Amino acid sequence: MAKKRPHTKAKRPQGTGGVGAAGADGQVPVVGAREQCPCGSGRRYKACHGRAAAQAVTELVQRPFEGLPGEGDWIALRELVPAATVELKLKDALPEGVPSVTLATVLPMAWPALRRDDGSVLLGLQNDTASGDISRDLADTLQRALVAEPGTPVQGRRAPADGPRLQDLLDPEGEFEPVVHTGFEFWVPDTENTTPEVAASLERANSAAIPTVKLAGVDAAYWCETPEKNHLRWVMPHAEERLLDALARLHAAGRSSLGEGTRLVGSFRAHGLTVPVWDLPSGVGADDVEKPAAEFAERLAGALADESPLTPEERRARGGLTNRQVTLS
């Protein structure tokens, strides 16, 4: 993972933070880390109110996309899907001159966001973020992209600790419908007249993209093709312990596969949710697993409703699944 970008705050002139300098709303303003805290304690800001502010922006938010429509798809696009876009709907009307806002898995040159020449905004999802709250960092990038000059990228930074999150900016009733692409041509409207840097970035990205398809019959499940075998990776919304119990019940009963030659091999843990993974034979395509996945969803619902203690066989199955779990975030 790339190193975090350094963060600096512009210092205010000395003497701006005396006793009683808190605002009318009771908030203590931000000053240089070595300056006296404006609260009047006599201590440096970094040892006083600055400590809480620093913790607020570095503390890891376990489920940054919780409460957003399509939480599972947000996670899949962040961690699993190479090339996809989603049209985003904001709570408020778009600013004048911004015809649309589109979430993209990756942008050229790894830009956090881009304001296109036509004024539309592309927001990158798979970039490293500076704080422990991906949602807040993305919201900060989005706000800056909305007012950026057309034709310019937006650089990343650490979002203010009191800044809005995506949950504050996006319409909670808006649909989240990813469109999975075979490549990254959506980056530029005219690939023939793009810059050499962007063209080279596009070529590199396309060569590394793994063919991926979103299943239509179940939520947040993505088929992908690799040279040796295919896979199904399915982001599930259930509490982790409860889901692992249910998967273990099915696995012990020989009912966890998606058909002949398929096998539940483990799971990822990503942004607070669990992502079971199945190995599929190379000849099994996305269409081939639509019906088996829907049938598995029904079996899983029954297993989730079972609150009886796990049998010894089920406990062994659960231990095997847990040992093969990989944390992505």
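This talk walks through one sheet and the helices that pack on it.

Keep in mind that the model is predicted. Start with the sheet. It has 6 strands and is open. The order is β7-β8-β9-β11-β10-β12, with mixed pairing. At the edges sit β7, residues 212–214, and β12, residues 325–327. Each of these two pairs on one side only. From one strand to the next, the twist averages 25 degrees.

What holds paired strands together? Strands of a sheet pair through backbone hydrogen bonds, either parallel or antiparallel.

Now the β7 end. β7 and β8 run antiparallel, joined by 3 bridges. Find Thr212: it stands opposite Cys224 in β8. The two strands form a hairpin, with 6 residues between them. Look at Ala220 in that turn, where phi is positive, about 55 degrees.

Move along to β8, residues 221–225, and β9, residues 230–234. They pair in the antiparallel sense over 5 bridges. Ala221 has Trp234 in β9 as its bridge partner. This pair is a hairpin as well, with 4 residues between the strands. And β8 is mostly covered, since 4 of its 5 residues are buried.

Next, the helices. Which strands does α2 touch? Helix α2, residues 71–79, packs on the sheet and touches β7, β8, β10 and β11. Its direction makes about 25 degrees with that of β8. Helix α6, residues 240–252, also packs on the sheet, touching β10, β11 and β12. The direction of α6 makes about 25 degrees with that of β11.

Back to α2. Why call it largely enclosed by the rest of the structure? Because 8 of its 9 residues are buried. Among them are Trp74, Ile75 and Leu77, and also Glu71, Asp73 and Arg78.

Definitions and conventions:
Residues are numbered from 1 along each chain as its sequence is written. This is a predicted model: local features need pLDDT of at least 70, side-chain atom pairs count only at pLDDT 80 or more; totals for chains, interfaces and linings use all residues. Side-chain values use heavy atoms; hydrogens and water are left out. Two strands pair if DSSP finds at least two bridges between them. Axes are lines fitted to C-alpha atoms, for helices over the stretch in contact, and angles run from 0 to 180 degrees between N-to-C directions. Contact means heavy atoms within 4.5 Å. Buried means under 20% relative accessible area, exposed over 50%, partly exposed in between (1.4 Å probe, protein chains only).
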